[in-house]
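The following exercises concern a protein chain and the ligand bound to it. Please study the sequence and the model before reading each solution.

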Amino acid sequence: MPQRTIRGVTIECVQGDIANQADMDAVINAANARLVIGGGVAGAIHRAAGPGLEAECRPLAPIRPGEAVITGAHNLPNRHVIHCLGPVYGVDEPADELLSSCYRNALRLAEENRLRSVAFPAISTGVFGYPAEPAARVAFRTILDSLENLSSVTHIRFVLFNDADRKLHDRMLQELAGPES
Ligand code: ADP
């Protein structure tokens, strides 16, 4: 099942580029502490957004692991970017709680800004080294636990760079969400 709708919120996993999600109100950036262009997700987002995004980020930096901040999307086809700093695996502890905070804080900012749709990358699973499967478990557990607090957000998309990660996330979502009712 490629998508699930639970408590009125559709959750789906797709393979693609986080910087190319034109139908979503916001994309989430797997940011670095200084909120500057980097590799991976932060590189793709800042390249597509243009230098105005770094300029808007400058006074908001630095952020700490687990924190999130929201900006405009500049040249990206979205309304906002929500920048999350995930934990560096093996360094920032407790890693699962800090990763969970990223997802919780991103959804809180989406609600505060009355956004309906948000697209997440797999935060911390690239340069920051968090293994994909436990990271996916934390991500979906947090999102499923947050559903009861959502009134504005009705569409949550996970954008995975490759098909193996997309399959892993699909499987984890089905496992944690349980059988369709
Ligand atoms: P972090 O520093 O939080 O680990 P990365 O950007 O290095 O963040 O990677 C996070 C995840 O996003 C990795 O699984 C990586 O393969 C994936 N990724 C990298 N570029 C993109 C992109 N353009 N769109 C979606 N996912 C991406």
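**Exercise 1.** Identify which atoms of F128, S124 and D17 lie opposite ligand atoms, and at what distances.

*Solution.* The model is a predicted one. Begin with F128: one of its backbone N or O atoms is 3.0 Å from an oxygen atom of the ligand. Next, take S124, where a backbone N or O atom lies 2.8 Å from an oxygen atom of the ligand. Finally, turn to D17, whose side chain places an N or O atom 2.9 Å from a nitrogen atom of the ligand. As for cover, the ligand taken alone exposes 570 Å², and the protein buries 88% of that area.

**Exercise 2.** Describe the shell of residues around the ligand and the space that the ligand takes.

*Solution.* First, count the shell: 15 residues surround the ligand, and the closest are D17, V41, S124, T125 and G126. Second, sort these residues by character, which gives 9 nonpolar, 5 polar and 1 charged. Third, ask which element gives the most to the shell: Helix 1, spanning residues 40–49, does so with 3 residues. Lastly, the space taken by the ligand is the largest pocket.

**Exercise 3.** Determine the order of the elements in the chain, and decide how compact the chain is.

*Solution.* Start with the count, which is 5 helices and 7 strands. Read from the N terminus, the elements follow the order β-β-β-α-α-β-β-α-β-α-β-α. The globule rule gives 16 Å for 181 residues, and the radius of gyration of the chain is 15 Å, close to that value; the chain is therefore as compact as a globular protein of that length. Its C-alpha trace spans about 45 × 35 × 30 Å along the principal axes.

Methods: Residues are numbered from 1 along each chain as its sequence is written. This is a predicted model: local features need pLDDT of at least 70, side-chain atom pairs count only at pLDDT 80 or more; totals for chains, interfaces and linings use all residues. Side-chain values use heavy atoms; hydrogens and water are left out. A residue is near a molecule or strand if one of its heavy atoms lies within 4 Å of it. A polar contact is a pair of N or O atoms within 3.5 Å; within protein, one must be able to donate a hydrogen and the other to accept it, and residues adjacent in sequence count only if both atoms are side-chain atoms. Accessible areas come from the Shrake-Rupley method with a 1.4 Å probe; for residues, only the protein chains shown count as cover. On a 1 Å grid over the protein atoms alone, a cavity is a set of points where a 1.4 Å probe fits but cannot get out, and a pocket is an open set with protein on both sides within 12 Å along at least five of seven lines; lining residues have an atom within 4 Å of a point. A molecule sits in a cavity or pocket if more than half of its atoms lie within 2 Å of its grid points. Helices (H or I, at least four residues) and strands (E, at least two) are DSSP runs, numbered from the N terminus. Ala, Val, Leu, Ile, Met, Phe, Trp, Tyr, Cys and Pro count as nonpolar, Asp, Glu, Lys and Arg as charged, and the others, Gly among them, as polar. The radius of gyration is taken over C-alpha atoms; the globule rule is 2.2 Å times the number of residues to the power 0.38.
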